[in-house]
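Okay, thanks for coming, everyone. I'd like to walk you through a model, so please pull it up on your screens.

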Amino acid sequence: MTVSVRVLVLNPGSSTLKATVLEPPDRSALATVEVERGDDASRGRDSGGRAVEGALAAIRGHGIDVAAIGAVGYRVVHGASQFREPVVIDDSVVERIEALGTLAPLHNAVAAATIRAGRAAVPAATHVACFDTAFHASLPEDAVRYAVPARWVAERGVRRYGFHGLSVQWATRRVAELLDRPPHELGIVVAHLGSGCSVTAVDGGRSVDTSMGMTPLEGLVMGTRAGSLDPGIILMLLRDRSMTAAELAEDLDHRSGLLGLSERSADVRELLAAEADGDDAARLALAVFVRRAAAGIGAAATALPRVDVIVFTGGIGEHSSEIRRRIVGRLSPLGVDGLRDAEPATAEWVLEARSGPAIAVVRAREDVVVAEAAAALAGRGATMSPL
């Protein structure tokens, strides 16, 4: 008899800790809570304990017995080449995750602190780390390599990894369900647009190209991150001693993107309202964001034999119909004829075009992917649904 495993999923973000309880293969959350960690958990003093304690208290408030949780799954942003699939956590795994913080300073240290707190709070459970980079382990070599000296690769491991993999994995599976077609038959472009943004090309269920690189700084314009820029700018600022490396990191991680362009907010909702009030900086910020997102979708399309569907997910991708409309309006070279039909009044939908790729919105459910992996590794009968 198959025994279900109750799984607590902890998703540590830069300002919140999201916690969900599920029993795979059921996708319905038994409880979902979100705990504020301040404006930037990566710069806070909380070791992770207070956030985890707050999440567990809220879960108990839903009538859930924490002692009955069989597995705890964690979303971890960067696994580099060390972690190419979910892994049961021990002390060594936590140390290696923390060491990779140099590649994802906004994320991995917070994840490691959350894991330590979670292991202490729920000691009897199996604890499992799931990595955003793992889905992109299928990237071909010409998508992985930068055009830099080979010694950079050999000596420093300079290469592209890609991120948002858990979100892309779910979006791939879910849009296939909405289209009633198997994932291996589809060419999919997934645009994950939120505080972090990326575009991924998925061919037959496998990642073949993605906009983020060795770190989560590359690619599209994001909430507070710059995305791709001319490396000569960095060299100039370092060469003339205008800024230190630490100051550059601070600006590129925390003061760029929509916030840097608008000089007021990284929140698309606030910027749309400001634009409507005549704020030129807000208008420019949104125009740059839309241009880069559309360009990223176009670039991803070139990695596919065909594009069957373009999927929007993430906070902005799911909830901002205006940003979707503007991005799709720039995709006519891909055969997309705009969003001429009214969008369905549902959280998830697919609009199949008269010609060209369909357009879809999928709710981000990294928690389902993490829960299935954690349940499978807990070894109590639940299995991870394949793509």
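I'll go through the sheets, the helices around them, and then the pockets and cavities. One caveat before that: this is a predicted model.

Let's start with the sheet that begins with β1. This one is open and has 6 strands, and reading across you get β3-β2-β1-β4-β6-β5, with mixed pairing. On the edges you have β3, residues 31–36, and β5, residues 87–88, each pairing on one side only. In the middle of that order, have a look at β1, residues 7–12, which pairs with β4 in the parallel sense over 4 bridges. If you want a residue pair to click on, Leu10 has Tyr74 of β4 as its bridge partner. Then there's α3, which packs on this sheet and touches β1, β2 (16–22), β4 and β6 (126–131). The direction of α3 makes about 170° with that of β4.

Now move along the chain to the other sheet I want to show you. Here we have an open sheet of 6 strands too, also with mixed pairing, and the order is β9-β8-β7-β10-β12-β11. Which strands stand at the edges here? They are β9 (206–210) and β11 (349–351); each has a single partner strand, so one side of each has no neighbour in the sheet. As for twist, neighbouring strands are turned by 25° against each other on average, ignoring direction.

Zoom in on β7, residues 187–193, and β8, residues 197–203: these two pair in the antiparallel sense, over 7 bridges. Within β8, Asp203 is the residue that stands opposite Gly187.

Two helices to point out on this sheet. Helix α6, residues 165–179, lies across β7, β8, β10 (309–313), β11 and β12 (358–361), and runs at about 125° to β7. Helix α11, residues 280–301, lies across β7, β8, β9 and β10, and that one runs at about 20° to β8.

While we're on helices, here's a helix pair. α10, residues 268–276, packs against α13, residues 321–328, at an angle of about 75°, and the axes are 10 Å apart. So α10 is roughly perpendicular to α13. On the α10 side the contact comes from Val268, Leu272 and Glu275, and on the α13 side from Glu322, Ile323 and Arg326. By class that contact has 3 nonpolar and 3 charged residues, and no polar ones.

Okay, on to the empty space. The second largest pocket holds about 1300 Å³. Its lining has 33 residues, and the ones nearest the centre are Thr215, Leu217, Pro231, Ile234 and Leu252. Which helix gives the most to that lining? That's α8, with 5 residues. Helices α5 (150–156), α7 (231–239) and α8 (245–254) each supply at least two. The class split is 22 nonpolar, 6 polar and 5 charged.

Last, the cavities: there are 2 of 30 Å³ or more. The largest has a volume of about 50 Å³, and its lining includes Phe83, Arg84, Arg159 and Tyr161. That lining divides into 5 nonpolar, 2 polar and 2 charged residues. The second largest is about 30 Å³, and among its lining residues are Pro12, His107 and Asn108. Two or more of those residues come from each of β4 (71–76) and α3 (108–121), which takes us back to where we started. Okay, over to you for questions.

Conventions
Residues are numbered from 1 along each chain as its sequence is written. This is a predicted model: local features need pLDDT of at least 70, side-chain atom pairs count only at pLDDT 80 or more; totals for chains, interfaces and linings use all residues. Side-chain values use heavy atoms; hydrogens and water are left out. On a 1 Å grid over the protein atoms alone, a cavity is a set of points where a 1.4 Å probe fits but cannot get out, and a pocket is an open set with protein on both sides within 12 Å along at least five of seven lines; lining residues have an atom within 4 Å of a point. Grid points are joined across faces, edges and corners, and a volume is the space filled by probe spheres set on the points. Ala, Val, Leu, Ile, Met, Phe, Trp, Tyr, Cys and Pro count as nonpolar, Asp, Glu, Lys and Arg as charged, and the others, Gly among them, as polar. Two strands pair if DSSP finds at least two bridges between them. Contact means heavy atoms within 4.5 Å. Axes are lines fitted to C-alpha atoms, for helices over the stretch in contact, and angles run from 0 to 180 degrees between N-to-C directions. Angles under 35 degrees count as roughly parallel, over 145 as roughly antiparallel, 65 to 115 as roughly perpendicular and the rest as oblique.
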